[in-house]
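Dear colleague,

I am handing over the structure below for your use. My notes on what was found in it follow directly after.

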Amino acid sequence: MEVTVGQLNNAEGLLTETTLSNEALFTASLVILLREGLEALLVVLALITVLVRTKRHDALKYVHFGWLSALLAGFATWALAQSMISISGASREVMEGIAAMLAALMLFYVGIWMHSKTNAEHWQAYIQKHINTQLEAGTLWGLAVLSFIAVYREVFETVLFYQSLLTQASTTQYSFVIGGLLFGIAVLSIIAWGMFKYSVKLPIARFFSTTTYLLLALSFILMGKAVSALQEAAVIGISPLPITVEVDWIGVGSTWEGIMAQLTILVLFIAYMDRSRRKQIMI
């Protein structure tokens, strides 16, 4: 009997014991924030830089309102889910998938808009004459919505990852998780400062061109992740490719649905580029 009790106690200790070391917790915490935060950072930074370069500093408050609201909404959603409702894995995937798809479509639109300004023959004159009318209240709130969606999706997913990470840590190890989080914030801040400083110095035509491809790359990635999330929630069917191709960091998976969705982004952009080139030749 004593042997049995002893074995049960040992089993309980093994089940409750954390499976991660201090170093692993710190590294995981850092990687989670960098991985999830970088995408949101790139979107928000691109929007801010566009407004700064076009001398619309008054519109920055809309972008800031968007990402700050997303931070508050992300934590509020998680707190609500913890205390009042139960969000299943499928429901989370649907939320993430829809948010990612909306962000992908909006990024594609903004990217095309910016490229049209890059190819304009008198782009500087266009900016001086039309930027104020283009960025009216409706468009400005659109920037706020894009900023919100891009950040909210990442915040919500990040909180879920951290909650899972904390279940693998004892209370005495929380400081390592927090340390990784704070270090990740510092790294993201340095990246943001460097990218902003460099982009501001670029000639505006080159800046628009560079930002166009950045936004379209993010659109491509988010579209793949959106399809993958909706497939996991059984909203979209799964048709496997004959070969296994998994490149998670660019959202590429081994399904026809994901590949076709991402190819659609590429084909539409190539078609737009060809049309724009033909128009330039005719002029």
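Threonine 49 counts as buried, because its relative accessibility is 2% and the cut-off for that class is under 20%. Please bear in mind throughout that this is a predicted model. Threonine 49 belongs to helix α2. Its C-alpha atom lies 9.5 Å from that of methionine 195, although 146 residues separate the two in sequence.

Helix α2 itself deserves a closer description. The helix covers residues 22-53, 32 residues in total, and at 1.5 Å a residue it should span 46 Å; the C-alpha atoms at its ends are 44 Å apart, which agrees with that expectation. There is nevertheless a bend of about 35 degrees in α2, located at glycine 37. Just after the helix, lysine 55 adopts a positive phi of about 60 degrees.

I turn next to the pockets. The largest pocket has a volume of about 820 Å³. It is lined by 29 residues, of which Leu33, Leu71, Val155, Ile185 and Leu188 are the closest to its centre. Two or more lining residues come from each of α2, α3 (60-83), α6 (137-166) and α7 (174-201). By class, this lining consists of 22 nonpolar, five polar and two charged residues.

The second largest pocket holds about 570 Å³ of space. Among the 27 residues that line it, those closest to the centre are Glu93, Glu157, Ser228, Glu232 and Asp248. The elements contributing two or more residues to this lining are α2, α4 (89-118), α6 and α8 (204-232). Its composition is six nonpolar, 10 polar and 11 charged residues. Helices α2 and α6 are thus named for the largest pocket and again for the second largest pocket.

A last point concerns helix α8, where glutamine 231 is placed. Is glutamine 231 buried or exposed? At 9% relative accessibility, glutamine 231 counts as buried, since the cut-off is under 20%. The side chain of glutamine 231 also makes a polar contact of 3.3 Å with the side chain of threonine 255.

When you view the model, I would suggest beginning with helix α2, which holds threonine 49 and bends at glycine 37, and then proceeding to the two pockets described above.

With kind regards

Note on methods
Residues numbered from 1 in each chain as written. Predicted model: local features only at pLDDT ≥ 70, side-chain atom pairs only at ≥ 80, totals over all residues. Heavy atoms only, no water. Helix = DSSP H or I, 4+ residues; strand = E, 2+ residues; numbered from the N terminus. Expected span 1.5 Å × (residues − 1). Bend = angle between axes of the 7 residues up to and from the residue. 1 Å grid on protein atoms, 1.4 Å probe; cavity = no way out; pocket = protein on both sides within 12 Å on 5 of 7 lines; lining within 4 Å. Points joined across faces, edges and corners; volume = space filled by probe spheres on them. Nonpolar A, V, L, I, M, F, W, Y, C, P; charged D, E, K, R; others polar. Buried < 20%, exposed > 50% of the residue type's maximum accessible area, 1.4 Å probe, protein only. Polar contact = N/O pair within 3.5 Å; in protein donor to acceptor, adjacent residues only side chain to side chain.
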